[in-house]
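Colleague: Could you take a close look at one part of this model for me, and then show how the rest is arranged around that part? A connected account would suit me better than a list.

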Amino acid sequence: GASASSQAGGRVGPELTSLTNKIKMLLWDIMRIEKAKEITGSLSKPSKMPGHAYGLPAKECKTGGKLQKIKGSTCYGCYALKGCYVFKVVQAAQYKRLKAIRHPLWVRAMTMQIANKKTKFFRWHDSGDVQDLKHLAKIFEVAKRTPDINHWLPTREAWTAKYQDRAPSNLKLIFSMPMVNQ
């Protein structure tokens, strides 16, 4: 059996070249997605959500960390401090993500990961919350770069309200009250 290359006198036909290029592009995309995951950590797929999410450790919530200790607060008995969320592997992934938000390529990598999921919805922080203004600005930028995806950002960080007018139209900030029945 002679190879296709030797049968064509050492040349590769356009169909094979096209297929080879498609395979190379697919491998390149896979490598880029894997690199993006290395930078950001993985996305989660909460069962009660229609899309993917990005969770941080609930113990590191700024406002929620204080509210967790107050009976009658919305963070008292936090769901993200029990169940599967306390497994070592989940905690490790969340802390990796927390560290990742400082990476200079985080916005680009998150954009790539979210766009790759081909979903219509994305939830920020199924556990955890916005850490600071830089983190919030990065979330805004990721949402701007994924305009066909509806981003949902529930938060107890009241300071974020003054930046709501800077949020892209496909990002909905949802402010949670600190106390139950408030």
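Modeller: Happy to. Let's begin at a pairing: His-52 stands opposite Phe-122 in strand 2. Please keep in mind throughout that this is a predicted model. The His-52 pairing belongs to a wider match, as strand 1 and strand 2 run parallel to one another and are joined over three bridges. As a reminder, the strands of a sheet pair through backbone hydrogen bonds, in a parallel or an antiparallel sense.

Strand 2, residues 121-124, also pairs with strand 3, again in the parallel sense and over three bridges. Two of the residue matches can be followed by eye: Phe-121 has Asn-150 of strand 3 as its bridge partner, and Arg-123 stands opposite Trp-152 in strand 3.

Stepping back, these strands belong to an open sheet of four strands in the order 1-2-3-4, with parallel pairing. Strand 1 (52-54) and strand 4 (171-175) are the edge strands, each pairing on one side only. From one strand to the next, the twist averages 20 degrees.

Now for the setting of that sheet. Six helices and four strands are found in the protein chain, and along the sequence they follow the pattern α-α-β-α-α-α-β-α-β-β. Of the 182 residues, 40% are buried. Among contacts between residues at least 6 apart in sequence, 69% join residues at least 24 apart.

What comes just before strand 2 is worth a look too. Helix 5 covers residues 106-116, and its buried residues are Trp-106, Val-107, Ala-109, Met-110, Thr-111, Gln-113 and Ile-114. Lys-118 sits in the loop between helix 5 and strand 2. Its phi is near 50 degrees, a positive value in a residue other than glycine. Most residues other than glycine have a negative phi. Lys-118 counts as exposed because its relative accessibility is 71%, and the cut-off for exposed is over 50%.

On the other side of strand 2 there is a second positive phi. His-125, in the loop between strand 2 and helix 6 (133-145), has a phi near 65 degrees and is likewise not a glycine. Its surroundings contrast with those of Lys-118: at 2% relative accessibility, His-125 counts as buried, since buried means under 20%.

The pockets bring us back to the strands. About 300 Å³ of space lies in the largest pocket. Its lining has 21 residues, and the closest to the pocket centre are Cys-75, Tyr-79, Arg-123, Gly-128 and Arg-156. Arg-123 is already familiar as the residue opposite Trp-152. Strand 3, residues 150-155, gives the most to this lining, with three residues. By type, the lining divides into nine nonpolar, eight polar and four charged residues.

Arg-156 also leads to helix 3. Thr-63, which lies in helix 3 (residues 62-67), touches Arg-156 and Glu-157, leaving aside residues up to four places away in sequence. Thr-63 is partly exposed because its relative accessibility is 26%, between the 20% and 50% cut-offs. Thr-63 and Asp-129 are 66 residues apart in sequence, with 8.7 Å between their C-alpha atoms.

The second largest pocket holds about 210 Å³ of space. Ser-44, Gly-55, Cys-84, Tyr-85, Val-90, Ala-93, Gln-94, Arg-97, Asp-126 and Ser-127 form its lining, which divides into four nonpolar, four polar and two charged residues. Val-90, Ala-93, Gln-94 and Arg-97 from that lining fall within the span of helix 4, residues 88-100. Ala-92 is found in helix 4 as well, and it counts as partly exposed because its relative accessible area is 47%. From Ala-92 to Gly-41 there are 51 residues in sequence, and 10.0 Å in space from C-alpha to C-alpha.

So if you keep one region in view while turning the model, I would suggest strand 2: it pairs with strand 1 and with strand 3, and Arg-123 is one of the residues closest to the centre of the largest pocket.

Methods. Residues are numbered from 1 along each chain as its sequence is written. This is a predicted model: local features need pLDDT of at least 70, side-chain atom pairs count only at pLDDT 80 or more; totals for chains, interfaces and linings use all residues. Side-chain values use heavy atoms; hydrogens and water are left out. On a 1 Å grid over the protein atoms alone, a cavity is a set of points where a 1.4 Å probe fits but cannot get out, and a pocket is an open set with protein on both sides within 12 Å along at least five of seven lines; lining residues have an atom within 4 Å of a point. Grid points are joined across faces, edges and corners, and a volume is the space filled by probe spheres set on the points. Ala, Val, Leu, Ile, Met, Phe, Trp, Tyr, Cys and Pro count as nonpolar, Asp, Glu, Lys and Arg as charged, and the others, Gly among them, as polar. Two strands pair if DSSP finds at least two bridges between them. Axes are lines fitted to C-alpha atoms, for helices over the stretch in contact, and angles run from 0 to 180 degrees between N-to-C directions. Buried means under 20% relative accessible area, exposed over 50%, partly exposed in between (1.4 Å probe, protein chains only). Contact means heavy atoms within 4.5 Å.
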